[in-house]
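Biologist: Please take a close look at the ligand site in this model. I would like the surroundings of the ligand described, then the setting in the chain.

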Amino acid sequence: MSKSFHATKAVVTGSSSGIGRAIAISLAKAGVEQLVVHYRSNESGAVETADALRDAGCEPVLLEADLASPAGRQALVAGSFESLGEVQTWVNNAGADVLTGEAAAMDFEGKLRHLLDVDVTGTILLSRTVADRLMNQFERMSSSLPASMVFIGWDQAPEGMEGDAGQMFGPVKAAVMAFAKSLAQTSGPRLRVNTIAPGWIRTSWGESTSDYWNDRAAGQSLMERWGNVDDIAKAVLYAADPANTFLTAQTLQLNGGFNRRF
Ligand SMILES: NC(=O)c1ccc[n+]([C@@H]2O[C@H](COP(=O)([O-])OP(=O)(O)OC[C@H]3O[C@@H](n4cnc5c(N)ncnc54)[C@H](OP(=O)(O)O)[C@@H]3O)[C@@H](O)[C@H]2O)c1
């Protein structure tokens, strides 16, 4: 990938695995020089991401923080701005995993509350604070381009999906997507805010899915395949690039085109 990205300092929350790691590595390959690799519990995964960044010529800064906790959010904001100075791209990717690992054993209410704490309350409170910093940064440097903030939503959240997963992730990601729209309305022209809403992306959950889910993931995409993490990273780079100065308040559904015939 050519060094075409017009930002040198970036933060990607939840970049110890999956989509967040792919976004961080793509930003590094595109020319970001210093990047905060944020994680909560998967330190070895964060170190793996950091190694890949170094290989791409980008200096990683590892920060651990639980976004469900006020102290964690405060530490991530303080640590990011202290380490990077200026931040041009902030990607709100972190989201609770309730499908694999310990949380998979929780009942519906437990999973819902956990998702609300991390993905909704955590993301909203964190990004309000960060957005204030990014807008102040723009005002201090009147000739520079506005920074960008990107959220990760879910393509089926506004449409609805049957079952527990639809009833949990639907309202949770719809809240994130709605918040991003309102933040964009609040912050333009000092900050650009966009959302990438992935469809079925093959991450840890998709590695162990049944034939039913594999067929469904491919069948619900007009491109007849699972999405992969690099599909999302490419879209995030487009939305995040500070040179795309006319792009804000948008939600891009990245799902290979939802197949209504399925
Ligand atoms: N995969 C899909 O098909 C899909 C579809 C639509 C939307 N999404 C969204 O895309 C984002 C990334 O998903 P993914 O599939 O790549 O998941 P993933 O591999 O499980 O990554 C999630 C990241 O979020 C972090 N995280 C989890 N709980 C946290 C907490 N309490 N505080 C701070 N960080 C926390 C994790 O950190 P640690 O592991 O270090 O704890 C990890 O880095 C999520 O927001 C997800 O909801 C995914």
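Modeller: The ligand site comes first, and the rest of the chain follows. Keep in mind that this is a predicted model.

Start with the location. The ligand sits in the largest pocket. Around the ligand there are 28 residues. Ser16, Ser17, Ile19, Ser41 and Asn93 come nearest. By class, the shell holds 11 nonpolar residues, 13 polar ones and four charged ones. Some of the shell can be placed on the fold. Helix H1 (18-30) supplies at least two of its residues, and so does strand S2 (34-39).

Now the polar contacts, taken here as pairs of N or O atoms within 3.5 Å. Serine 17, already listed among the nearest residues, makes one with its side chain. An N or O atom there is 2.7 Å from an oxygen atom of the ligand. Asparagine 42 uses its backbone instead: a polar backbone atom lies 2.8 Å from a ligand oxygen. Lysine 173 contributes through its side chain, with an N or O atom 3.1 Å from an oxygen of the ligand. On its own, the ligand has 890 Å² of accessible area, and the protein covers 89% of that.

Next, the chain as a whole. The protein chain has eight helices and seven strands. Its C-alpha atoms fill a box of roughly 50 × 40 × 35 Å along the principal axes. The radius of gyration is 17 Å. A compact globule of 262 residues would have a value near 18 Å, so the two agree.

Two backbone details deserve a check in the viewer. Most residues other than glycine have a negative phi, and most peptide bonds are trans. The peptide bond from glycine 188 to proline 189 is cis, with omega near 0°. Proline 189 lies in the loop that joins helix H5 (163-187) to strand S6 (191-198). Glutamate 224 has a positive phi, near 60°, although this residue is not glycine. Glutamate 224 belongs to the loop between helix H7 (211-219) and helix H8 (229-240).

Terms used. Residues numbered from 1 in each chain as written. Predicted model: local features only at pLDDT ≥ 70, side-chain atom pairs only at ≥ 80, totals over all residues. Heavy atoms only, no water. Near = heavy atom within 4 Å. Polar contact = N/O pair within 3.5 Å; in protein donor to acceptor, adjacent residues only side chain to side chain. Areas by Shrake-Rupley, 256 points an atom, 1.4 Å probe, with all protein chains shown as cover. 1 Å grid on protein atoms, 1.4 Å probe; cavity = no way out; pocket = protein on both sides within 12 Å on 5 of 7 lines; lining within 4 Å. Sits in = over half its atoms within 2 Å of the grid points. Helix = DSSP H or I, 4+ residues; strand = E, 2+ residues; numbered from the N terminus. Nonpolar A, V, L, I, M, F, W, Y, C, P; charged D, E, K, R; others polar. Rg over C-alpha atoms; globule rule 2.2 N^0.38 Å.
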